[in-house]
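New notebook page, new structure. I'll jot down what I look up as I go.

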Amino acid sequence: MRKSAVVVTLMQQNSDITLLYPHEIEWKKFENPIPDVPFSEDVVDYLNALSSLIMKDRRARLYPDVITFAFFCRKANLQRMKEEYKSDDIRLGRGFVFHIAPSNVPVNFAYSLVAGLLSGNYNVVRASSKQFKQFDIILEHMLELLDNDQYINVGNRFAIVRYGHDTDWNRYFSSICNARIVWGGDNTIATLRGNPLPPRSIEVNFADRYSISAINPKTVVTASDKEIEQLAFDFYNDTYLFDQNACSAPHTIFWLKSNQAEKAKKRFWTAVHSLVEKKYDFQSVLAVDKLTAFYTQAANMKVHRIPTLDNKVVLTELDELPSEIDKFRCAGGYFSEYDISSLDDIAPVINVKYQTMSYYGFTKEELKSFILKNRPIGLDRIVPIGQTTAFALKWDGFNLIETLSRISSIL
């Protein structure tokens, strides 16, 4: 698909697009990109330098997600991941990747970009219009590296832009990209699909997903006070850190049946509430949203409200597990609980919408057995509580390095 006259005009008059990185750009270079090999030395060095700048920034310490990103970009971590992709195959990036970042996870734009760079591609990232301090901190250090000649080769391989739901820019980037990654809701994906890709290009969509958590109460009861504090902290980061809006944030909590279950629940939720009380900026509108969510739930299933200290933690107990529980959710600390005899009880409701199951008190062998026995169509990630937002190059069932690169066969 060749550029239309409309696109040429857009390139000449950039008033409707904000170029956040770099300071100026020639869009034409994205039409004929020269792919790199995955985990090239230049990219690894660049990301390591970015990590170092972020770690030295005192502002970054206020945002756990920014620090986590910096740790991800450390050279030692990247070299470890590189070892996992060692192969005799000759791999090259696909060329140019067009990224649509989500509006609910501030640091996601950076992870998506890193996946594109590590897989050997040129990249354009359309950032959310929402303002996030985390975004600003990372962008600032990217711009800082732009002035360093040592990293110019990598710095010239990407751009970060911001524009509205402008179909002309979406159409242009889609028309020249070799891969399009959309992080967003089902509606965003449907809208982007109205912009055709070249015949050989691929599309990777991260749609609306639903996540859950499974807890063994015996482990909660026997844990030390310090371990419970850590568990509450980890659960807080999984949920309240992004107002429970991230696709990986659990909404339904499954408790293994036990005569210690009530004691475990009380201990767990007391620790969570204590942390929420100290750290969470509770918006009054959420109280109304949660009340509405409960009434909606009660009208559609057998459920009752569990008394809590206030609306900062709202708990409901399901008397039965409806097949469409994933459609009933609310942000800002709203959780449904259901008691199970075994992990197998979860399987009947899992559909393609289910992304992550976090867990506490289960062994990897138990979890592996659960997946192999039930073979659910959903659940692409099973991680310990506290790691639901930890980015990995294998995400939502996609191996991003392999997906965003291609093999050149020599026989």
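These entries cover one helix and then two pockets.

Before anything else, I note that this is a predicted model.

**Entry 1, helix H6.** I looked up H6 and found 14 residues, 133–146. Its first and last C-alpha atoms are 20 Å apart, close to the 20 Å expected for a helix at 1.5 Å a residue.

Next I asked myself: is H6 largely enclosed by the rest of the structure or left open? It is largely enclosed, because 10 of its 14 residues are buried. I wrote down some of the buried ones, among them Phe135, Ile138, His141, Met142 and Leu146.

What do the buried residues of H6 pack against? I listed two strands by name, S1 (18–21) and S5 (158–162), along with helices H2 (41–56), H3 (64–72), H5 (108–118) and H7 (152–155).

**Entry 2, the largest pocket.** I read off a volume of about 830 Å³. Its lining has 38 residues, and Val105, Phe242, Ala246, Ser248 and Thr389 are the ones nearest the centre. H3, H5 and H11 (225–239) each give two or more residues to this lining. H3 gives the most, with 4. I sorted the lining into 18 nonpolar, 14 polar and 6 charged residues.

**Entry 3, the second largest pocket.** Here the volume is about 530 Å³. I found 20 lining residues, with Arg381, Val383, Ala390, Ala392 and Lys394 nearest the centre. The elements giving two or more residues are H4 (75–84), H14 (364–374) and strand S14 (381–384). This lining splits into 12 nonpolar, 2 polar and 6 charged residues.

Conventions:
Residues numbered from 1 in each chain as written. Predicted model: local features only at pLDDT ≥ 70, side-chain atom pairs only at ≥ 80, totals over all residues. Heavy atoms only, no water. Expected span 1.5 Å × (residues − 1). Buried < 20%, exposed > 50% of the residue type's maximum accessible area, 1.4 Å probe, protein only. Contact = heavy atoms within 4.5 Å. 1 Å grid on protein atoms, 1.4 Å probe; cavity = no way out; pocket = protein on both sides within 12 Å on 5 of 7 lines; lining within 4 Å. Points joined across faces, edges and corners; volume = space filled by probe spheres on them. Nonpolar A, V, L, I, M, F, W, Y, C, P; charged D, E, K, R; others polar.
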